Amino acid sequence: MKLKTLIIIVIVIGALLGVKYIFFPSQADQTKGPQKGKAPASAVSIYVIKPEKLENTLTASGTIVANEEVELKPEIAGKIISLPLKEGTEVSKNQLLVKINDADFQAQYKKLQLQYDLADKNLKRQQELLKVSGISQSDFDASQNAENTIKADMEYVQSQIAKTEIHAPFTGIIGLKNVSDGAYISIGTTIATVLQIDPVKIDFAVSERYAPYIKKGVKVIFNIAGMKEDMNGEVYAVEPKIDMNTRTFMVRAICPNKEKKIFTGAFAEVKVLLKDIDDAVMIPTEAVITELRGKKVFIVKNGKAKSVAIETGIRTSEKVQVLNGLQIGDTVVTTGIMQLKTDVPVHFSSPK
């Protein structure tokens with residue numbers, strides 16, 4: 001009876017050990033058996049970073065603006081009695097362009113001039129009487145004040161007469177006029193535009209990362225649609241403020257336009273020639289992975305893939321500059337990166 005019980009116990013223990021071996025193998029058993037959980041090595045292509053000379057050229061989109069531009073608008077309302085300006089022609093500084101009827105102001109001025117002459121004669125007589133105590137000082141002061149009041153009125157009317165004439169503020173070209181001779185115009189009516197287009201200016205926005213490199217005198221090259229040759233200019237001024245929304249700042253370049261073939265308002269493709277970089281860290285563009293938090297690449301280290309966050313700079317047609325995260329000699333994965341994870345083994349052919 002005891003022997004039978006012992007046999008049953010041995011059979012049960014053996015069964016339990018078999019179940020444990022099959023369904024709950026130990027770490028040692030797993031090591032001895034097939035390594036099913038280990039990821040296979042991924043086949044990738046790589047690129048070994050070498051120092052490269054980079055032509056440090058910044059590209060941007062710009063707009064051509066006039067060196068000077070003014071809309072001719074009257075300061076007073078009235079009828080145009082003379083309009084000697086000719087559309088599309090060059091005008092000189094201070095040249096008369098518009099004359100508004102000033103007959104009322106001229107009549108007021110003539111009346112005030114007569115009053116002033118009389119007041120001046122009366123003041124001179126009273127000045128002689130004051131010397132011999134013929135009048136009081138207060139009477140003389142009242143007469144003097146009356147003369148000064150008339151003189152002030154005359155100066156006001158003169159200023160109104162001056163407003164009836166519009167002169168060219170600078171040497172430039174007259175655009176298309178919006179009124180005709182004899183028309184009645186109101187204050188603020190745009191009569192025409194005067195532009196100075198030699199030289200012209202080019203306005204464009206630049207990322208804040210280039211702020212240390214953009215200075216007055218830096219050379220620029222720009223091209224305009226319809227023009228075969230590139231135009232040369234230089235940075236004229238830099239806006240000392242960065243836009244918080246776009247993280248860019250405005251730059252203004254200047255270019256001669258003696259032949260006046262560059263029109264204002266035109267779109268310009270601008271290249272800013274910065275100092276060349278002799279030992280730039282460049283990698284193929286296909287190696288860069290864009291994420292929500294930034295950009296990264298995979299490098300190969302000790303036969304395994306490793307994810308590295310990077311900061312990029314200048315782009316060329318095939319490569320991109322890396323400012324932070326990589327260094328000369330690093331091995332960057334260029335193909336097969338989508339299935340890669342950190343610490344996954346990789347194998348590759350000869351590096352590029």
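This protein has 4 helices and 21 strands, where helices (H or I, at least four residues) and strands (E, at least two) are DSSP runs numbered from the N terminus. The model is a predicted one, in which local features need pLDDT of at least 70, side-chain atom pairs count only at pLDDT 80 or more, and totals for chains, interfaces and linings use all residues. Residues are numbered from 1 along each chain as its sequence is written, and side-chain values use heavy atoms, with hydrogens and water left out.

**The overall picture**

Of the 352 residues, 34% count as buried. Buried means under 20% relative accessible area, exposed means over 50%, and partly exposed is in between, with a 1.4 Å probe and protein chains only. Contacts, meaning heavy atoms within 4.5 Å, often link distant parts of the sequence: among those with a separation of 6 or more, 75% are between residues 24 or more positions apart.

**Two helices and a small sheet**

Let us begin with α3 and α4. Helix α3 covers residues 103–131, and its 29 residues reach 43 Å from the first C-alpha to the last, close to the 42 Å expected at 1.5 Å a residue. The expected span is 1.5 Å times one less than the number of residues. For α4, the 26 residues should span 38 Å, and the end C-alpha atoms are 38 Å apart, which agrees.

Which residues of α3 are buried? They are Phe105, Tyr109, Leu112, Ala119, Leu123 and Gln126. An α-helix has 3.6 residues a turn, so residues three or four places apart point the same way. What covers the buried residues of α3 includes α4 (137–162). In α4 itself, Phe140, Ser143, Glu147, Ile150, Met154, Val157, Gln160 and Ile161 are buried, and the buried residues of α4 pack against β6, α3 and β7. Just after α3, Ser133 takes a positive phi of about 60°.

Strands β6 and β7 also belong to an open sheet of 4 strands, in the order β7-β6-β4-β9 with antiparallel pairing. Two strands pair if DSSP finds at least two bridges between them. Strands β7 (165–167) and β9 (184–185) stand at the edges with a single partner strand each, so one side of each has no neighbour in the sheet.

**Strand pairs to trace**

The table gathers four antiparallel pairs, each with one residue pair to look for.

| Strands | Bridges | Residue pair |
|---|---|---|
| β6 (96–100) and β7 | 3 bridges | Leu96 and His167 |
| β3 and β14 | 7 bridges | Leu58 and Val272 |
| β11 (219–224) and β14 | 5 bridges | Ile221 and Lys271 |
| β1 (42–48) and β20 | 4 bridges | Tyr47 and Val332 |

Strand β14 appears with two partners, β3 and β11. In a regular strand the side chains alternate between the two faces of the sheet. In β14 (residues 267–273), Ala268, Val270 and Val272 form a covered face, while Phe267, Glu269, Lys271 and Leu273 form an uncovered one. As for β20 (residues 331–335), 4 of its 5 residues are buried, so this strand is largely enclosed by the rest of the structure.

**The largest pocket**

About 280 Å³ of space lies in the largest pocket. On a 1 Å grid over the protein atoms alone, a pocket is an open set of points where a 1.4 Å probe fits, with protein on both sides within 12 Å along at least five of seven lines, and lining residues have an atom within 4 Å of a point. Grid points are joined across faces, edges and corners, and the volume is the space filled by probe spheres set on the points.

Which residues line this pocket? They are Leu54, Glu55, Thr57, Leu58, Thr59, Arg209, Tyr210, Lys271, Gly313, Ile314, Arg315 and Thr316. The elements giving two or more residues to the lining are β3 (57–72) and β18 (304–315). By type, the lining divides into 4 nonpolar, 4 polar and 4 charged residues; Ala, Val, Leu, Ile, Met, Phe, Trp, Tyr, Cys and Pro count as nonpolar, Asp, Glu, Lys and Arg as charged, and the others, Gly among them, as polar.

**Two loop residues**

Thr316, one of the lining residues, lies in the loop between β18 and β19 (319–324). Is Thr316 buried, partly exposed or exposed? Its relative accessibility is 37%, so Thr316 counts as partly exposed. Not counting residues up to four places away in sequence, Thr316 touches Leu54 and Met282. The C-alpha atoms of Thr316 and Met282 are separated by 9.5 Å, with their positions 34 residues apart along the chain.

Asn302 lies in the loop between β17 (295–301) and β18. This residue counts as exposed because its relative accessibility is 78%. Asn302 and Asp343 are 41 residues apart in sequence and 9.4 Å apart in space, C-alpha to C-alpha.
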